[in-house]
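Work through the exercises below with the model open beside you. Try each task before reading its solution.

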Amino acid sequence: MLPVTLADIEEARRVLKDAVVHTPMLPAPKLSALTGAEVFVKYENFQITNSFKDRGALVKLASLSAAERARGVVAMSAGNHAQSVAYHAARLHIPATIVMPVTTPFVKLAATRSHGADVVLHGETVNEAQERVGELVREKGYVEVHPYADPRIIAGQGTIALEMLEEFGELDCLVIPIGGGGLIGGNAVAAKALRPDIEIVGVECALYPSMWNAVRGDNRPAGGSTLAEGIAVKSVSGLTVSIVRELVDDLLLVGEPDLERAVNAYTTLQKTVAEGAGAAGLAALLAYPERFRGKRVGLILSGANIDPRILASITVRELEREHRIVSFRLSIPDRPGTLGLIATRLGALGANILEVEHKRLLLDVPAKGAKLDVTIETRDAAHANEILTALAADGYQPAPIDGGAGIE
């Protein structure tokens, strides 16, 4: 017997009616062209707190008795669950305390506090934060609202699949991020009950293969800094493991470059914001294109709470990977007018100069010479190669550096 049934999820849907956003699900032709799959995206980043966590949090909070509400609730979260519990607890006039790791992005920390919750920073990871939650339950008598190890939380998250399959019932598979397993657990139950033939694929970041280890009996290490901090979970619950073992068809691991590519693709192609964890499903399609080629794939864009500075950095890094921003070093004679000549030459070649720096004190530079570090914007890798070839023919000995190191 699984801990959550379709009836539980349907009841959760009644609780959520008119209380959370019925988010849009749309075809994504540009992502389809990028991945080779026929992609449909469920935009859970449109929820009030910009995350699917609104669903499970509200279902759990709405189930509390008057006495439990008076005691107050406590939750552990790296950000999205925290915001959802804080927001809906405030709506229901329930005192809320949120324990967050000290590594939580500031944007998520500030958003949680803005909803009126008492925020406690503790530990480097969600596991260490969870230890503090246990202490507060014992000391203060709070009711814990766990981010994934709770049948009502799981049922609330499962309402997403009900909506997805009502709108696009002919999907071949759902590709769903995994942290603690609440999202994939609830949606696997709902989807398999409605469509037993549908394939459910779970995606973890490679640095935190906790569900992979639990289900496959592996012992891969878990830890490190990841863009997908929302699914950076070192241990998973028996509740969610039991569902994944029974209903999930495959588990995939994705690396940091694929997560960055996925976040950037949502930004540049779909004109929407995805955090690292929210883009994990798309990252799997990018990392394993043959696995999904030609299939009708439903993705859950599960959250958008990414630090704007990180998002800007990802965009620039992707431009470097695509060789649309290129840095190189030139060997030049140190005499008046040389810089102007080079700038004119780059302009004639169609390059946009972003940054220039003279280096005269390097020991490998002749006394009457200099090194010139230049960063330019190009159309693509072929254009970048054309520019470097031309500069080499001019005698400047261009040597790619930093983001341009991959150009041959």
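**Exercise 1. Two unusual backbone angles**

In which loop does D18 lie? Find its phi and its exposure as well, then do the same for H93.

Solution. Keep in mind that this is a predicted model.
- Step 1: D18 sits in the loop between α1 (6-16) and β1 (25-27).
- Step 2: Its phi is positive, about 65°, although D18 is not a glycine.
- Step 3: Most residues other than glycine have a negative phi.
- Step 4: The cut-off for exposed is over 50% relative accessible area. D18 has 73%, so it is exposed.
- Step 5: Turn to H93, in the loop between α5 (80-91) and β4 (96-100). H93 is not a glycine either, yet has a positive phi of about 60°.
- Step 6: The relative accessible area of H93 is 71%, so H93 is exposed.

**Exercise 2. A loop residue and its surroundings**

Is N45 buried or exposed? Locate N45 and list its contacts beyond four places in sequence.

Solution.
- Step 1: N45 belongs to the loop between β2 (38-43) and α3 (53-62).
- Step 2: Buried means under 20% relative accessible area. The value for N45 is 5%, so N45 is buried.
- Step 3: Leave aside neighbours within four places in sequence; N45 then contacts N50, T272, V273, L301, G303 and A304.

**Exercise 3. Checking a helix by its length**

What span should helix α12 have, and what distance separates its end C-alpha atoms? Which of its residues are buried?

Solution.
- Step 1: Helix α12 covers residues 256-268, which is 13 residues.
- Step 2: The expected span is 1.5 Å times one less than the number of residues. For α12 that gives 18 Å.
- Step 3: The end C-alpha atoms of α12 are 18 Å apart, so the model agrees with the expectation.
- Step 4: The buried residues of α12 are D258, L259, E260, A262, V263, N264, A265 and Y266.
- Step 5: An α-helix has 3.6 residues a turn, so residues three or four places apart point the same way.

**Exercise 4. The whole chain**

How many helices and strands does the chain have? Add the figures for box, burial, contacts, surface and charge.

Solution.
- Step 1: The chain has 17 helices and 14 strands.
- Step 2: Its C-alpha atoms fill a box of roughly 80 × 50 × 40 Å along the principal axes.
- Step 3: Of the 408 residues, 53% are buried.
- Step 4: Among contacts with a separation of 6 or more, 72% join residues 24 or more positions apart.
- Step 5: The accessible surface is about 17,100 Å², and carbon and sulfur atoms hold 53% of that surface.
- Step 6: The chain carries 41 positive and 49 negative charges, and their mean positions are 2 Å apart.

How values were computed:
Residues numbered from 1 in each chain as written. Predicted model: local features only at pLDDT ≥ 70, side-chain atom pairs only at ≥ 80, totals over all residues. Heavy atoms only, no water. Helix = DSSP H or I, 4+ residues; strand = E, 2+ residues; numbered from the N terminus. Buried < 20%, exposed > 50% of the residue type's maximum accessible area, 1.4 Å probe, protein only. Contact = heavy atoms within 4.5 Å. Areas by Shrake-Rupley, 256 points an atom, 1.4 Å probe, with all protein chains shown as cover. Lys, Arg positive; Asp, Glu negative; His and termini not counted. Charge placed at Lys NZ, Arg CZ, Asp CG, Glu CD.
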